[in-house]
Amino acid sequence: NGKSPKPAHIAMHEEVVESAGDIIKKKGYTKWAVGIAFSHIAKVVLNDERRMLPVSTCICGFHGIEQDVFLSMPCVVGAGGVNRVIRLPLTDWEKEKLQLSTAKVWEIQSDIWDDI
């Protein structure tokens, strides 16, 4: 709808982002979720299921991003890996947050590209 999210939605987002830290504090790890997610992705690839999954891929060219940054995006995944990235319409607020995330990731990973 092009509008900024309501305060309740922003609060919900922040809670989800911070929940990994709470899980680690309480359980000491989050390995099960990672293992289950990997198992599901492997099944989709091995069986060429061509399902939409949130996986990390290069998003250069999406929503004005010019760097070779890898972020999780909804992608159709099959035997060849990522078949395509789903281009979701974003509000201005969402684009701004994506740009901020991209800048943070690029700041960290840009040094890696110099070493390759």
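Glu 14 sits in helix α1, which spans residues 7–27. The model is a predicted one. Glu 14 is partly exposed, because its relative accessible area is 44% and partly exposed covers values between the 20% and 50% cut-offs. Glu 14 also belongs to a negative patch on the surface. Its partners there are Glu 15, Glu 18 and Asp 22.

Charge can also be viewed across the protein chain. The chain carries 14 positive and 15 negative charges. The mean position of the positive charges lies 10 Å from that of the negative ones.

Now turn to a nonpolar surface patch. Phe 70, Ile 112, Trp 113 and Ile 116 make it up. Together these residues have about 430 Å² of accessible area. Ile 116 is found in the segment after α3, a helix that covers 92–115. Ile 116 counts as exposed because its relative accessibility is 73%, and exposed means over 50%.

Next, the overall layout. The protein chain has 3 helices and 3 strands. Read from the N terminus, their order is α-α-β-β-β-α. Along the principal axes, the C-alpha atoms fill a box of roughly 40 × 40 × 35 Å.

Contacts and surface complete the picture. Take the contacts between residues at least 6 apart in sequence: 49% of them join residues at least 24 apart. Of the 116 residues in the chain, 19% are buried. The protein chain exposes about 8800 Å². Carbon and sulfur atoms supply 58% of that area.

Definitions and conventions:
Residues numbered from 1 in each chain as written. Predicted model: local features only at pLDDT ≥ 70, side-chain atom pairs only at ≥ 80, totals over all residues. Heavy atoms only, no water. Patch = residues over 30% accessible without salt bridge, like charges linked within 9 Å, V, L, I, M, F, W, Y side chains within 5 Å. Areas by Shrake-Rupley, 256 points an atom, 1.4 Å probe, with all protein chains shown as cover. Salt bridge = Lys/Arg side-chain N within 4 Å of Asp/Glu carboxyl O. Lys, Arg positive; Asp, Glu negative; His and termini not counted. Charge placed at Lys NZ, Arg CZ, Asp CG, Glu CD. Helix = DSSP H or I, 4+ residues; strand = E, 2+ residues; numbered from the N terminus. Buried < 20%, exposed > 50% of the residue type's maximum accessible area, 1.4 Å probe, protein only. Contact = heavy atoms within 4.5 Å.
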